[in-house]
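Reader: I'd like a close look at just one part of this protein, the sheet. Could you walk me through how that part is put together and what sits around it?

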Amino acid sequence: MNILVTLNDNYIKPLFIMLESLFNHERKPMNIYMFYSDVSKVNRQRLSTYIKRQGSCFIPIYVENNAFGEAPVFNYFTKEMYYRLLCSELLPEKEERVLYLDPDILIRGAVSPLYEMDFSGKMIIGMEDYAINNMLMDKKKAIGFTKKDSYINSGVLLFNLKKMREDFVLEDFIYILEKYRSVVSFPDQDVINLYFKNDIKLGERIYNYNTGYGSVSGMLMHILGKKDVKEPVIVHYMGKSKPWQVDYYGKYFFEYFSYLKKHLNWKGKILFAFKPCYVAVKIGKALVRQFTIPLKRKERDE
């Protein structure tokens, strides 16, 4: 199995957690490819030692800092998000598929059923982004998608390398990136959806499950035990709030923390001891927004 990650030094801790959860559920040897520009020699060595200890192979591949030139980068996104598009160029010719995984995910079961899926002639297999398809449709509209068009999340992607080598043109991807520069809000993801629009096979949502609640009522229903999908295999901590941050209050925190706690220094342990306070404040603010925004709209309409 071929796994691809793209990141910088800021995401090394989450990467270790993601890999540990992966190795806990996939026992076969894997090739872990990493495209990078800014990962230190010390961290590359740490990763190599750990991955070899798991019986797998670590293959770091350096990418020039200017590989994507003036491609837009903002908010918490980094230039490394574009590097996955180089997979058909940088990975060995013998490889026919690779599973790209964001570092901010947790593996809860075997990913081999996803990895072994038939491409049905498509270039990539991806999972629909539930929030954007159901609650944030204006984001789809901004890039010319209709309500019926499927929009995928780019955090988990299975690439058909054979077809990518035949049909993918990086210059065309960059052209679309520049064309929509002023309207994209998730730069790589929006353009991946635009470029591959007719070349995407949809996989099950259990392989890229959004851990956000969506609303206060959604949070309460989840706490009460209502599940919107069967047990997810891959949970993806999408958005700015991450489970290694003390004020995170999304789904599947405790499962993530079972991995995180061994990576915390003494300062981190003290911070997480006060996590209930941070979370209570954040939930309180969410509740205030939930009930005051409709009131303000009503007052404005009157």
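Author: Sure, and let's start with a word you'll need: pLDDT is the predictor's confidence in each residue, on a scale from 0 to 100. It matters here since this is a predicted model. The chain averages a pLDDT of 87, with 86% of its residues at 70 or more. Confidence peaks in strand 4 (residues 97-101), at a mean of 98, and bottoms out in helix 10 (residues 216-223), at 63.

Now the sheet. Seven strands make it up, and it is open, with mixed pairing and the order 3-2-1-4-7-6-8. Strand 3 (57-62) and strand 8 (200-202) are the edges: each has a single partner strand, so one side of each has no neighbour in the sheet. From one strand to the next, the twist averages 30°.

Zoom in on strand 6 (residues 124-128) and strand 7 (residues 152-160). They run antiparallel and are joined by five bridges. In this pair, E128 of strand 6 sits opposite I152 of strand 7. Helix 9 (residues 187-195) lies across both strands, at about 55° to strand 7.

What about the packing? In soluble globular proteins, nonpolar side chains tend to be buried together. Here the largest nonpolar core has 39 residues, and F35, C87, F159, F168 and F196 have the most contacts inside it. Strand 2 (31-36), strand 4, strand 7, helix 7 (161-167), helix 8 (170-179) and helix 9 each supply at least two of its residues. A second, separate core has 36 residues, including L22, L101, V156 and V233. Back in the largest core, F35 touches residues including L4, I61, Y83 and L91.

Note on methods:
Residues numbered from 1 in each chain as written. Predicted model: local features only at pLDDT ≥ 70, side-chain atom pairs only at ≥ 80, totals over all residues. Heavy atoms only, no water. Pairing = 2+ DSSP bridges. Helix = DSSP H or I, 4+ residues; strand = E, 2+ residues; numbered from the N terminus. Axes fitted to C-alpha atoms, helices over the stretch in contact; angles between N-to-C directions. Contact = heavy atoms within 4.5 Å. Core = buried A, V, L, I, M, F, W, Y, C linked by side-chain atoms within 4.5 Å. Buried < 20%, exposed > 50% of the residue type's maximum accessible area, 1.4 Å probe, protein only. Lists of a residue's contacts leave out its neighbours within four places in sequence.
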